[in-house]
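Please open the model in a viewer and keep the selection panel at hand. The tour below proceeds from stop to stop, naming what to select and what is to be found there.

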Amino acid sequence: MAQQTPPARGGKISRRDFLKLMAAAGTVLTFVPFVDWGKFLPNPSGKVAEKAKVELPDGTQANIKTFPVNSSKAVIYPKTNDNVLNKESFRTWQFIRLPEELGGTKNDVSSFRMYSMVCLHLWCLWKYWPDPGRKRGECPCHGSMYDPLTGKAFAGPASLQAPPSNVLARLDLESDTDGNIWIKPPNWSPNGNGVVGYGRFLKE
Amino acid sequence: MVVSLKNENSLVRFLRWIYAGVERTIFMGLKFTLPGRFVSPLGFLGMLTFVMFIILGITGALLMLFYEPELDRAWNSVQTINNAIPYGFHMRNIHYHASNAMVMLALLHMYYQYFSGRYKIRNEILWVTGILIGVLTILEAFTGYDIIFSERAELAISIAASLTNSIPVLGPQMREAFFGGGFHDFVLRFYAFHVFFLPIFLLGLMVVHFPRFLVFDVPMVMAISGAVMLTGGVFPVDLGTRFDPSTPPGITVPEWYLTGLYAFLRTMYDKFVTGVAWPGLFIFALLVVPFVDRYKKFSWKDRPLITAVGITSLAQIMVTTYWGFYIDPDIKKALLERLVIDPIFFYAVMLLLVPLSFGFTYMMIKLAKNAEANAKLRPKKPAGKKSINLSQRTIYIIFVALLIFQIYLNISAYYAVVSGMKNFSLFIIGIMMLVFAGMFHIYRHGRTMSKAPPPPPPSRAVTPPTARPTLVPPRPTPAPAATGEKPLAPPPVQKAGGAQESKSTTQPHMEAKAQSSSDIQTPNPTDKPDEDY
C-alpha cells in the first residue's frame with residue numbers, strides 16, 4: 001500500500017463496496033452459463049422439429065384415398081428406434097377417419113383426427129368405437145366418452161374435469177398431393193396441441 | 001454470521017434465527033474456516049476430495065435420470081446421454097473426470113498425511129477410516145466404469161468376479177452373493193453398488209472421518225472444479241465399444257488406479273495371490289502403519305524407516321501402474337505373449353525398488369538436514385520478501401480485467417453451445433471457474449487490505465511471519481502434546497469460533513499464536529496449518 005489515499009467521501013462508492021460489487025458481478029458472470037444446463041433435465045426424445053408420417057400398424061403411411069371412413073388405428077408418435085419406448089401409452093395416438101355424418105367422406109385432412117389415446121381421467125387407453133349408435137371414443141376403465149370431432153369428453157369422469165383437462169391432446173395433420181397424411185410438428189402446451197394425459201384448451 | 005450488516009431487515013433476522021438454531025445441531029462441533037489468505041492446499045486435500053465427492057453425487061444423481069441399468073440398454077443409454085441429451089456430454093465428462101480427481105486427491109491426501117506423520121496424536125481413527133474410505137472410493141470408481149457395459153467394462157467385471165471366486169473357502173459363495181447369476185445381474189448389482197451401497201458406506205465412514213477443523217478454500221475448490229471441467233473438454237471420455245459376446249474383445253487396460261493391480265494379474269501367477277492377497281496386504285499395511293510407527297517425532301526427516309517404506313510404496317505403485325498400462329506394441333506376437341509379464345523379471349524389479357527407495361530416502365533426508373543446518377548459519381532473509389504487495393489500484397485494474405475476460409468467456413461459451421461444440425464449451429466453462437478462483441482470491445486479498453489498520457508499518461511488519469512463518473526458519477522442536485491435539489481444542493478459541501469472520505483477518509492469528517494454543521493457524525510440528533481435511 002504505497003499510496004495511502006484518503007477514503008473517498010460523499011456520493012462516491014466506498015472501496016469495500018466497490019470490491020463487493022465487483023465480486024458479485026464476477027460470481028454472476030461465472031455461474032450464468034450453468035443456467036442453460038437446466039436443459040439437461042427434460043427428455044428431448046419427445047421433441048419433434050419436422051413433420052412425420054402417420055405410420056399405420058402395418059408399416060404403411062396413411063393415405064386419404066385408402067383409409068376407410070368411420071374407422072381408426074393406433075399410431076405411435078413420436079416413433080423411436082426403441083421398442084420399449086414405442087410401447088408407451090404416452091406415444092400412442094388414435095388416428096380416426098370421422099364417420100360420414102361428421103364429414104368423414106371429404107377427401108382432405110379435415111375428415112381425419114388424431115388424439116392422444118391416454119384418457120384424461122386416470123390414463124387408461126381409450127379407443128374409438130365405430131359401431132352404429134356409438135361412434136365415439138370410450139375408455140374401458142371408468143367409461144369416459146370422447147367426441148371424435150373435437151376430442152372433448154362429454155360423459156363420464158373425464159367430462160367432469162375442469163378445462164383444459166376435459167379435452168384430449170391432438171395432433172395437426174396435413175396431406176401432400178398423393179394423399180399421404182403427415183403430422184405437423186407439435187406445440188406441447190395446453191393452448192397449442194395440448195399435453196398428453198393433461199389436456200388442451202378447446203378453441204372454438 | 002453476517003452480523004456486520006448494518007440494515008437488519010427481516011431476511012437478516014431470519015438468517016440469524018436459523019444460525020441460532022444451528023447451535024443445537026452437530027454442526028457447531030465443527031470449526032469451519034474460510035481462509036482469508038492463500039493457504040497451502042496440502043493441508044486440506046481431504047476437503048478437496050470431499051468436494052469432488054459432492055460433485056460426483058450431483059452429476060451422478062443427474063445421470064441417473066437417463067441411465068438404464070439393463071443388460072441390453074445400458075450402453076445405449078450412456079450413448080444417448082453422451083450424444084443426444086443436452087449437456088449430457090458435460091455431465092458425463094464431469095462425472096468421469098471428477099472420479100479420477102477424487103481418487104488422485106485421496107491418494108495425495110493419504111501420502112501427505114503419511115509423510116507428515118499426522119496419523120499419530122490420536123488421529124489413528126481418522127487414518128483407519130480414511131484408508132477404508134480410500135478402498136471404497138476405488139471400488140466406487142470401479143463399479144462406475146463397469147456399468148457402462150462396454151467391452152472394457154465386461155472384461156473388468158469378469159476379472160472382479162473371478163478374483164472373488166478365487167478366495168479360498170468362501171470365494172464361490174461370495175461371488176454369488178455379490179455378483180448374482182449372470183450379465184443381467186452384474187449390471188443391475190453393480191449399479192446398486194455404485195449408486196447406493198458404496199456411497200452410503202462412504203458417507204457413514206466420512207461422518208467418522210471428518211475432523212472438527214475444516215477448511216473450505218473457495219478459490220482452490222473452484223480451481224479444482226475448473227481443472228476437472230477443463231480436462232473433460234480436452235480429453236473427453238469415450239464410450240468404448242458396446243459389449244458383444246460373439247466378437248473377440250480388443251486389448252484394454254483398466255483405469256489408472258487399477259493398472260497396478262492389473263500388472264500383478266498379468267504375471268499369470270495364482271489369481272488369489274496376485275489379485276487379492278497382494279493388494280490386501282498393501283491395504284493391511286496401511287491400516288496398521290500408525291500402530292507400527294513408534295517414532296516420537298512427526299516430520300518425514302525424523303522418521304527415516306517409515307519415510308523409506310512410504311517412498312518404496314510410491315515407487316512400486318508408479319512402476320506397477322506404468323507396467324499395467326504397457327502392452328508390447330509388436331502386433332506380430334501372439335496376444336498372450338504381449339500381455340503376460342514375466343513374473344521373475346517383474347518381482348525382481350519390485351524387490352530392486354526397495355533398496356533403491358531406501359537409498360533415495362537416505363539421500364533426501366541427508367540433503368534436507370544439510371540444507372536446514374545451512375539455513376541456520378545464513379543470516380535471516382527479510383521476512384516480508386515473499387508477500388506480493390499490490391496497490392489497491394492495481395487490484396481493481398486486475399479485477400476489472402478479469403471481469404472483462406469473464407464476459408468474453410461467457411460469449412465464447414454461448415457460441416460454443418449454440419454451434420454444438422460440446423467439448424469446447426466444457427473447456428471454456430472450466431477456464432471460467434479458474435478465472436473465478438483468481439477473482440475470489442483478489443477479492444479476499446483486497447478485503448484484507450481494506451480491513452488492515454491505516455498505519456501500514458506495524459501491520460506490515462507483523463503479518464508476514466504468519467503468512468510465511470515456518471518454511472524459512474529452522475523449526476523449533478515442537479511440543480507435541482500442546483500442538484495439534486484436536487480433541488483438546490482449547491475453549492477460548494472455541495468460544496470465538498463460529499465467527500469465521502475473525503479467522504479471515506490477520507490479527508486473531510497473532511493472538512492465537514501468542515497464546516500458543518492449538519488454534520488452527522498455529523504452526524504444528526509439520527509446519528503446516530493443522531486443518532487436515
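Where in chain A is the place of A:Pro164? Select this residue in the predicted model: A:Pro164 sits in the loop that runs between strand 8 and strand 9 of chain A. Include A:Pro163 in the selection, and the peptide bond leading from A:Pro163 to A:Pro164 proves to be cis, with omega near 10°.

**Further backbone features of chain A**

Move next to A:Tyr77 and A:Pro78, which are joined by a cis peptide bond with omega of about -10°. A:Pro78 belongs to the loop between strand 2 (71-76) and helix 2 (83-86) of chain A. Then select A:Asn70, in the loop that lies between strand 1 and strand 2 of chain A. A:Asn70 is not a glycine, yet its phi is positive, near 55°. For context, most residues other than glycine have a negative phi, and most peptide bonds are trans.

**The sheets of chain A**

Select strands 1, 10 and 9 of chain A, which form an open, antiparallel sheet of 3 strands in the order 1-10-9. Strand 1 (52-53) and strand 9 (173-175) of chain A are the edge strands; each has a single partner strand, so one side of each lacks a neighbour in the sheet. Restrict the view to strand 1 and strand 10 (residues 181-183) of chain A, where 2 bridges make an antiparallel pairing. Within this pairing, A:Lys53 has A:Trp182 of strand 10 as its bridge partner.

Another sheet of chain A is shown by selecting strands 5, 6, 7 and 8. These 4 strands follow the order 5-6-7-8 in an open sheet with antiparallel pairing. At its edges stand strand 5 (127-129) and strand 8 (153-155) of chain A, each with a single partner strand, so one side of each is without a neighbour in the sheet. Strand 7 (residues 145-146) of chain A pairs with strand 8 of chain A over 2 bridges in the antiparallel sense. To see one of the paired positions, select A:Tyr146, whose bridge partner in strand 8 is A:Ala153.

**From chain A to chain B**

Display both chains and highlight the contact between them: 29 residues of chain B meet 19 residues of chain A. On the chain B side, helix 4, helix 15 (392-418) and helix 16 (422-451) each give two or more residues. Helix 16 of chain B supplies the largest share of that side, with 10 residues. By class, the side of chain B that touches chain A consists of 20 nonpolar, 8 polar and 1 charged residues.

**The two domains of chain B**

Hide chain A and colour chain B by domain: domain 1 covers 37-245 + 252-257, and domain 2 covers 394-452. The centres of these two domains of chain B, taken over C-alpha atoms, are 29 Å apart. Their contact draws 18 residues from domain 1 and 15 residues from domain 2 of chain B. On the domain 1 side, helix 4 (88-115) and helix 9 (218-234) of chain B each provide at least two residues. Helix 9 of chain B has the largest share of this side, 12 residues. The domain 1 side of the contact divides into 11 nonpolar, 6 polar and 1 charged residues.

**Two helix pairs in chain B**

Which helix of chain B packs with helix 4 at an angle of about 160°? Select helix 5 (residues 124-146) of chain B, whose axis lies 10 Å from that of helix 4. At this angle, helix 4 and helix 5 of chain B are roughly antiparallel, and their crossing is left-handed. Show side chains for the contact, including B:Met102, B:Ala106 and B:Met110 of helix 4 and B:Gly130, B:Gly134 and B:Ile138 of helix 5 of chain B. This contact comprises 7 nonpolar, 6 polar and no charged residues.

For the last stop, select helix 6 (residues 151-165) and helix 7 (residues 171-179) of chain B, whose axes come within 7 Å and cross at roughly 140°. This crossing makes helix 6 oblique to helix 7 of chain B. Helix 6 contributes B:Ala161, B:Thr164 and B:Asn165, while the residues of helix 7 in the contact include B:Pro172, B:Met174 and B:Phe178. By class, the contact between helix 6 and helix 7 of chain B has 5 nonpolar, 3 polar and 1 charged residues.

Notes. Residues numbered from 1 in each chain as written. Chains lettered and ligands numbered in written order. Predicted model: local features only at pLDDT ≥ 70, side-chain atom pairs only at ≥ 80, totals over all residues. Domains from an automatic or database assignment. Contact = placed C-beta atoms within 7 Å. Nonpolar A, V, L, I, M, F, W, Y, C, P; charged D, E, K, R; others polar. Pairing = 2+ DSSP bridges. Axes fitted to C-alpha atoms, helices over the stretch in contact; angles between N-to-C directions. Parallel < 35°, antiparallel > 145°, perpendicular 65-115°, else oblique. Left-handed = near helix turned anticlockwise from the far one by under 90°.
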